[in-house]
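Work through the exercises below with the sequence and the model open. Try each task before reading its solution.

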Amino acid sequence: LAASIREFQPDVITAWGLKALSAACLAAPKRQAALVVRRPIPSNRRRASLSRLETWLLRRADRVLVANDAEALRYEAMGLPSGKLRVVRPGVRLHYEQADGSGDPLCKSATAVEESAPRIVCAGALEPHKGFYEAIWTFDILHFADRETELTIAGEGSERRRLEEFAARADLRERIHFTGKFTTIEPLLAQAALAWVPSLSDSGTGVALEAMAAGLPVIAARWPGLADIIVDGETGFLVHPGSKIELAQKTRLLLDDSALRRRLGEAGQRRAEELFTHHAFIEAWLHACSERRAA
C-alpha cells in the first residue's frame, strides 16, 4: 500500500472502516493527500465510547463521512470534533427504461403483481444482525391466515443453512425462496408487492432505497439510518426491531389494501428521486473529499 501511494500520489485517500484507516496511517505517515474515512465504527457496536487507539486514528483523518445526522451526533458523543464530520447520505441509481436516463422511472407492472400471488422480498447478507430469522418467523405468522403469499430471501452468508432449516421445520419450503447471491435486485423487486428490511442493527439502507426507487413500499426496523430514508406512514412503515407481531400487522395492512401499497410506493419513489439519487451522493462525497484538511 505504501508503494502504491508513493507511485500514484493521490490527492485523497479514502478508507472504509477502521482497519483500512489504520493501514492508511501506517502506509503514509507523512502523506500529502487528504485522508477520508467512511463508517469507521460498526453501527451495531454497543460500546458508546472510543478507545485511545480509535481516537488517535480518527483524529488523523481529515474527514469522517457519516450517512445521517443521527450518526454524526453519535460520533460527536464519542468525542470526535464536529469539524471533521460530513454527512453524505446514501444514494441509489434510479430505474429507467432507457439507458440514457431520458425515460420515465421504471415501475413494475401493477396489474401483473395483482394477478399473481403476493410476494415479499428481503435482501442482504444472510447474517444474524440482518433479522432474516425473525422475518421467517413473521412469515410463519402470516401464513396461518394467508396461504398464497410468498417470501423471497436474496443473498448469501453464514446464516443461510440455519434459515433454510427453520423454513423447513415450519413447513414453508414451498413459500419461501432462497435465491443465493445476486448481481442486481431489480428483477426480484419487479415481482414483489412490498419489501422488508427487518434489521436488528442500523443497516439495510441500500436495500430500502433500491425498493423505494422501484416503487415498492418498505416495512423496516426503526433505526436512525432507516428512519432517515423512510417516512413512517407516508413511504412505508417503521416497526420496532425484532417485533414479529408489528411487522406482521403492517404487512397484512399493505397486502389487504392495493391502493395503499401503490400510494406508499409512489411516494417512496418520489422521495428517492428527490433526495437520494446516486448523483447527489457522488457530488456530496466529492465535495467532502475536496475540502481543505480540517485543523
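A residue counts as buried when its relative accessible area is under 20%. The model used here is predicted.

**Exercise 1.** Sort the side chains of strand β1 (residues 12-16) by the face they point to, and state which face is buried.

Solution. Start from the general pattern: in a regular strand the side chains alternate between the two faces of the sheet. In β1, Ile-13 and Ala-15 share one face and are buried. Val-12, Thr-14 and Trp-16 point to the other face and are not buried.

**Exercise 2.** Find the strand that pairs with β1, give the direction of the pairing, and name the helix that completes the β-α-β unit.

Solution. The partner is strand β2 (residues 34-38), which runs parallel to β1 and is joined to it by five bridges. As one example, Ile-13 has Leu-35 as its bridge partner in β2. Helix α2 (residues 18-27) makes a β-α-β unit with β1 and β2, and the unit is right-handed.

**Exercise 3.** Repeat the analysis for strand β7 (residues 176-180), then follow Ile-176 into the core.

Solution. First, the faces: Ile-176, Phe-178 and Gly-180 form the covered face of β7, while His-177 and Thr-179 form the uncovered one. Second, the pairing: strand β6 (residues 150-154) runs parallel to β7, with four bridges between them. Gly-180 is the bridge partner of Ala-154. Helix α7 (residues 160-169) joins β6 and β7 in a right-handed β-α-β unit. Third, the core: Ile-176 is listed with Leu-151, Ile-153, Trp-196 and Ile-219 as having the most contacts inside the largest nonpolar core, which has 28 residues. Helix α6 (residues 132-145) gives the largest share of this core, six residues. The contacts of Ile-176 beyond four places in sequence are Ile-136, Phe-139, Leu-151, Ile-153 and Ala-167.

**Exercise 4.** Describe the span of α6 and identify what its buried residues pack against.

Solution. The 14 residues of α6 reach 21 Å from first to last C-alpha, close to the expected 20 Å. Its buried residues include Phe-132, Ile-136, Phe-139 and Leu-142, and also Glu-134 and His-143. The buried residues pack against β5 (119-123), β6, α7, β7, β8 (194-197) and α11 (244-255).

**Exercise 5.** Is Glu-71 buried or exposed, and which backbone atom does its side chain reach?

Solution. Glu-71 lies in helix α4 (residues 69-77). Its relative accessible area is 9%, so Glu-71 is buried. The side chain of Glu-71 reaches the backbone nitrogen of Ala-67 at 2.8 Å. Beyond four places in sequence, Glu-71 touches Arg-39 and Val-66.

Note on methods:
Residues numbered from 1 in each chain as written. Predicted model: local features only at pLDDT ≥ 70, side-chain atom pairs only at ≥ 80, totals over all residues. Heavy atoms only, no water. Buried < 20%, exposed > 50% of the residue type's maximum accessible area, 1.4 Å probe, protein only. Helix = DSSP H or I, 4+ residues; strand = E, 2+ residues; numbered from the N terminus. Pairing = 2+ DSSP bridges. Right-handed = clockwise from strand over helix to strand, strands pointing away. Core = buried A, V, L, I, M, F, W, Y, C linked by side-chain atoms within 4.5 Å. Contact = heavy atoms within 4.5 Å. Expected span 1.5 Å × (residues − 1). Polar contact = N/O pair within 3.5 Å; in protein donor to acceptor, adjacent residues only side chain to side chain.
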